[in-house]
Amino acid sequence: MKIKNKIFYSMILIGIILSSCVKDKEFDAPDIQCSDTEFTFISIAELKNMYNGETIQIQEDLVISGYVISSDKEGNFFNTIHFQDEPSNPLGGMKIELELRDAHLFFNVGQQIIIKLKGLYLGESKGIYKIGGVFTSFGNRSVGRLPKNVVFDHVLVTCKENMGIEPTSVAISEINESMLNTLVAVTDVEIKQEELGETFAIKEEETLRTLVDCGDNELIIVNSGYADFQSEILPDKMGTATGILTKDNNEYQLIIRNVNDLSFNQERCEDLVDEFTSSSIFISEIADPNNNAGARFVEIYNASEESLSLNGWKLDRYTNDNNEVSSSIDLSEYIIEGNGLLVISPNAEEFKNVYGFEPDISVSTNSPADSNGDDNIVLVDPFNTIIDVFGVIGEDGSNTNHEFEDGAAARKLDIVSGNSVFSMSEWTIYNDTGDEGTINQPQNAPLDFSPGVR
């Protein structure tokens, strides 16, 4: 009977022990003794300046302090602590590599820490400075994780009250190198349209997602495939994204700590409309000077009063009797002013020598601006609609009413809109034949031409 009682009580004791085991991350942090020891500190900037291009071990009794900005509580950070030099308006930040899981139980966001540097290694990778232990690969030293058994010999918690961290508010376009490894709040951003409906990360894979603002500026957000929020769906609204700014392949990236770092509760940006069509834009002059092929050009005119973006517009050339585009000029990066002109040259240097000023657009030879007089030129809008045409596609211009060899095709001044069908009556055409109602009068540069003047 006594043996049975002992077994019974032993089973109860085992049950109590088992039921007290922690199975999630919601448990009290261990009691860590804070330090109020007086140290003489160097700044993070001074520590960075010690880096000479290769990983070094710090031999002096140097100490830095910083404020924790990362958290591994939800698994998007692993064996690292990121910290910056001030709780707000920081001048710089770094990270320390260490073998310590659940580091958030020891080092909370906003907490001031002290790092004793003697014996640690200092290195830099992709613009991010880091300290820690060391590992060697093929004879090369790199900063590695600080062994767990010495972590608390080097990293101390101060007794200073944790007042939290104030992230630096910034737009994507304002991000710069000084913000690397600090906590930033990127304003007025949303998940890129093409990624809506996706999860934060692919399971067990580091996944890159894209933040975008209303001006189409982009910022990569890095999510771990092992993070607790990996399977959650990306938010479909706009707001502020808070995280640690890093860099990879010369591209800024953001690492968040949890889904709450994406505070998205505003309506998304309206689609930015920057593609327009207008019949007020048309070809006003095409030049093939008799005395200088290098002085050829094409001129485009905007007959309206308002400036128009040419985003998506192009100028196509159909050489001789070709039915397919032979060459094309992308006009997307240009804006044409109201009642303004764009002059396009295939030889900018010669154009300036001849006409005394630089063309608005410089392109290559054999382009639509480099026709020898028997080709067909077409102006196309962003929606692939022909707005204006000179010549007849599929017909060689030689000996026709649209030949301008050794001459010019000038749009008559009373024409104020493009025409998708060639009409000779809208043009004055000079050449060296005079066929089909054209004018047999070769034109010489510069006297017979007026590029940039309607």
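Strands in this talk are DSSP runs of E, at least two residues long, numbered from the N terminus. On that count β29 covers 439–440, and P446 sits in the segment after it. I start there for the backbone, and I should say at once that the model is predicted.

Backbone first. Most peptide bonds are trans, and most residues other than glycine have a negative phi. The bond between A445 and P446 is cis, with omega at about 5°. On the phi side I have two residues to show. K126 is not a glycine, yet its phi is positive, about 55°. K126 is in the loop that runs between β6 (121–125) and β7. E204, also a residue other than glycine, has a positive phi near 65°. The loop that holds E204 lies between β11 (183–191) and β12 (207–212). Is E204 buried or exposed? Neither: E204 has a relative accessible area of 49%, so it is classed as partly exposed, because the exposed class begins over 50%.

Next, β7, which spans residues 128–137 and contains G133. G133 has a relative accessible area of 6% and is therefore buried, the limit being under 20%. Leaving out residues up to four places away in sequence, G133 touches E97, Y121, S142, V143, G144, R145 and L146. For a sense of span, take G133 and E436: they are 303 residues apart along the chain, and their C-alpha atoms are separated by 85 Å.

β7 comes up again at the largest pocket. That pocket holds about 900 Å³ of space. It is lined by 29 residues, of which N76, F77, F78, E206 and I255 are the closest to its centre. Which elements give two or more residues to the lining? They are β3 (80–84), β4 (93–97), β7, β13 (218–223), β14 (238–248) and β15 (251–255). The largest share comes from β14, with 3 residues.

Enclosed space is another matter. The count is 1 cavity of 30 Å³ or more. The largest cavity has about 50 Å³ of space. Its lining consists of V68, S70, S71, D72, T80, I81, A103, H104 and F107.

F107 takes us to the aromatics. A pair of rings is described by the distance of the centres and the angle of the planes. Over the whole structure there are 15 aromatic pairs. In the pair F106 and F107 the centres are 6.4 Å apart and the planes are at 50°, so this pair is tilted. Both residues count as buried: F106 has a relative accessible area of 17%, and F107 is at 3%. F282 and Y301 make an edge-to-face pair, with 5.7 Å from centre to centre and 70° between the planes. F282 belongs to strand β17 and Y301 to strand β18, so this pair ties together parts that are 19 residues apart in sequence. F282 and Y301 are both buried. Y301 has a further partner: R454 lies over the face of its ring, 5.0 Å from the ring centre. There is also a cluster, in which ring pairs link F297, F351, Y355, F357 and F449.

Two members of that cluster, F297 and F351, are among the contacts of V343. V343 is in strand β23, residues 341–345. How accessible is V343? Its relative accessible area is 0%, which means that it counts as buried. Apart from residues up to four places away in sequence, V343 also touches V298, E299, P359, D360, I361, P451 and G452. I361 is 18 residues from V343 along the chain, and the two C-alpha atoms are separated by 6.3 Å.

Last, D288. Where is D288? It is in the loop between β17 (281–287) and β18 (297–302), and those are the strands that hold F282 and Y301. D288 is at 2% relative accessibility, so it is buried despite the loop position. What does its side chain reach? The side chain of D288 comes to 2.8 Å from the backbone nitrogen of D406. Not counting residues up to four places away in sequence, the contacts of D288 are R296, S371, N372, G373, F404, E405, D406 and G407.

That is the tour. Thank you.

Terms used
Residues are numbered from 1 along each chain as its sequence is written. This is a predicted model: local features need pLDDT of at least 70, side-chain atom pairs count only at pLDDT 80 or more; totals for chains, interfaces and linings use all residues. Side-chain values use heavy atoms; hydrogens and water are left out. Helices (H or I, at least four residues) and strands (E, at least two) are DSSP runs, numbered from the N terminus. Buried means under 20% relative accessible area, exposed over 50%, partly exposed in between (1.4 Å probe, protein chains only). A polar contact is a pair of N or O atoms within 3.5 Å; within protein, one must be able to donate a hydrogen and the other to accept it, and residues adjacent in sequence count only if both atoms are side-chain atoms. Contact means heavy atoms within 4.5 Å. Rings of Phe, Tyr and Trp (its six-membered ring) pair if their centres lie within 6.5 Å; planes under 30 degrees apart count as stacked, over 60 as edge-to-face and the rest as tilted. A charge sits over a ring if NZ of Lys or CZ of Arg is within 6 Å of the ring centre and within 35 degrees of the ring normal. On a 1 Å grid over the protein atoms alone, a cavity is a set of points where a 1.4 Å probe fits but cannot get out, and a pocket is an open set with protein on both sides within 12 Å along at least five of seven lines; lining residues have an atom within 4 Å of a point. Grid points are joined across faces, edges and corners, and a volume is the space filled by probe spheres set on the points.
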